[in-house]
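Ready for a few exercises? Have a go at each task yourself, then follow the worked solution.

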Amino acid sequence: MKIEFVLNNKSQIIEVDPARRLLDILREDFGLTGVKEGCGEGECGACVVLMDGKAVNSCLVPAGNIVGKSIVTLESFKKTERYKMIESCFLEAGSVQCGFCTPGIVMATESLLNENPNPTEKEIKEGLSGNLCRCTGYNMIFKGIHLAAKRGKGLW
Amino acid sequence: MVDGFRPVTLQETLNIRSQYNCTPIAGGTDLMVQKARGFALKPGFEQPLLFIGHLPELQKIVIKNNQIHIGSGLLLTDLLNSEIIPEIFKEAVRLMASPPSRNLASIGGNICNASPAGDTLPYLYAVDAQLVLKSVAAKRTVPIDKFITGPKQTDLRKDELLTEIIIPNKTFGVNYYKKVGQRKGMSLTKAAFLGLADCENKRITDIRIAFGSVSPKIVRSREIERTIVGKPTFEMITAIPEILAKYALLIRPIDDARSSAVYRKKVSLRLLEDFLRKIDKEK
């Protein structure tokens, strides 16, 4: 199937089996390896990217569902001021250890703050409930997000 | 073999459905997992996919004749953002999966997947949701408890699509929903309980009770509900043993990786008891 979509702000037309996972298209066809495969079942959030600005599990998205959509991965998001704010706050709060979950966590953070620039502790937990991290125990991640929301006033 | 269809209108979609053996797919959150073949592999679908999640005809939510018509393609996130969806239904939806999955999953998909643990189902059973099924030639409306015929089994015909879910535009005085799972986020349901009731002058005028995940299908008994309607609210506590005994006969859970049959049954009946105690205090 011929599929037209926007990837990291650039229009793309690809010929692809519509059942293929967005995750594989991003990693294999476009070399965007910031997108990670964890569980492959939509449970861990390592493969989260933005689709029309909203966090989605790219392992659950068949190619046929990206027609006309705008997909943003960490590779392009990292050029933004918002990313720089998240990065510095994550570093300060110790939100990153092994780093495997981090791209997904960053994209979920962007999706959350975009919708709700001033999240409460509970809202941060709910917003990140689809992202697993086996290193940090989450508290440092929640702290990093809280810090980014506080310091990044006006960015979201 | 054609690998997939992505029609632009509902009419075109129904035409394809009538001509080809194909698998309708909306968000894909259930199907992509069921057909997954492993790391970095394309899921193994036996039939061409028919993409329907984008169809504008399936994205509407409107109130008509005091009923809420929900397009089957609406996402769980859309339901949460809607001002006309009853809060108790949103409570169930809010506990489903996680934001990145709710941004993909459709209500129609949750119904057609027909899992005994489907989290939209207890509410839809309790309010007697009607499902609109369309084909090129016909349109029929079927109550949800007739549509779902068993675990993962529905009455959807080969040329039909679920296009709309109709629920009453009504909220109840007493609303009770509990999902029992391993954790709050991202958990599959071990047992779910939904209770709704209306009371007037210390009498129960309407009651709906539904259990999820504890039988091949959602458990709801209009017969038992009818025996409760009309009773004084303050008699509920004394009626607990009798009502629990009736439902105990209908709750037939299984042991699986998620939970045990014994636990599921016990917790379900305790939730029912808690709901009845809540009604006992109603005026």
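## Exercise 1: a small sheet

In this predicted model, β1(B) runs parallel to β3(B), and two bridges join the pair.

**Task.** Find the bridge partner of G4(B) in β3(B), then work out which strands stand at the edges of the sheet.

**Solution.**
- Step 1: start at G4(B) and look across to β3(B), where L49(B) is its bridge partner.
- Step 2: put the strands in order. The sheet is open, has three strands with parallel pairing, and reads β1-β3-β2 in chain B.
- Step 3: read off the edges. β1 (4-5) and β2 (23-25) of chain B each have a single partner strand, so one side of each has no neighbour in the sheet.

## Exercise 2: the whole chain

**Task.** Describe how chain B is built, and decide how its radius of gyration compares with the globule rule.

**Solution.**
- Step 1: count the elements. Chain B has eleven helices and 13 strands.
- Step 2: set the two values side by side. The radius of gyration of chain B is 20 Å and the globule rule gives 19 Å for 283 residues; these are close, so chain B is as compact as a globular protein of that length.
- Step 3: check the box. Along the principal axes, the C-alpha atoms of chain B fill roughly 65 × 45 × 30 Å.
- Step 4: look inside. Of the 283 residues in chain B, 43% are buried.

## Exercise 3: two domains

**Task.** Say where the domains of chain B lie in the sequence and which element gives the most to the side of domain 1 that touches domain 2.

**Solution.**
- Step 1: mark the bounds. The domain assignment of chain B puts domain 1 at 4-168 and domain 2 at 174-280.
- Step 2: note the spacing. The C-alpha centres of these two domains of chain B are 26 Å apart.
- Step 3: count contacts. In chain B, 19 residues of domain 1 are in contact with 20 residues of domain 2.
- Step 4: find the top contributor. On the side of domain 1 of chain B that touches domain 2 of chain B, α7(B) gives the most, with five residues.
- Step 5: sort that side by class. It has 14 nonpolar, two polar and three charged residues.

## Exercise 4: meeting chain A

**Task.** Which element supplies the largest share of the side of chain B that touches chain A?

**Solution.**
- Step 1: count both sides. 26 residues of chain B are in contact with 29 residues of chain A.
- Step 2: list the elements of chain B that give two or more residues: α2 (31-34), β3 (49-51) and α5 (99-102).
- Step 3: pick the winner. α5(B) has the largest share, three residues.

Notes. Residues numbered from 1 in each chain as written. Chains lettered and ligands numbered in written order. Predicted model: local features only at pLDDT ≥ 70, side-chain atom pairs only at ≥ 80, totals over all residues. Domains from an automatic or database assignment. Contact = placed C-beta atoms within 7 Å. Helix = DSSP H or I, 4+ residues; strand = E, 2+ residues; numbered from the N terminus. Nonpolar A, V, L, I, M, F, W, Y, C, P; charged D, E, K, R; others polar. Rg over C-alpha atoms; globule rule 2.2 N^0.38 Å. Buried ≥ 20, exposed ≤ 12 C-beta atoms within 10 Å, placed from the backbone. Pairing = 2+ DSSP bridges.
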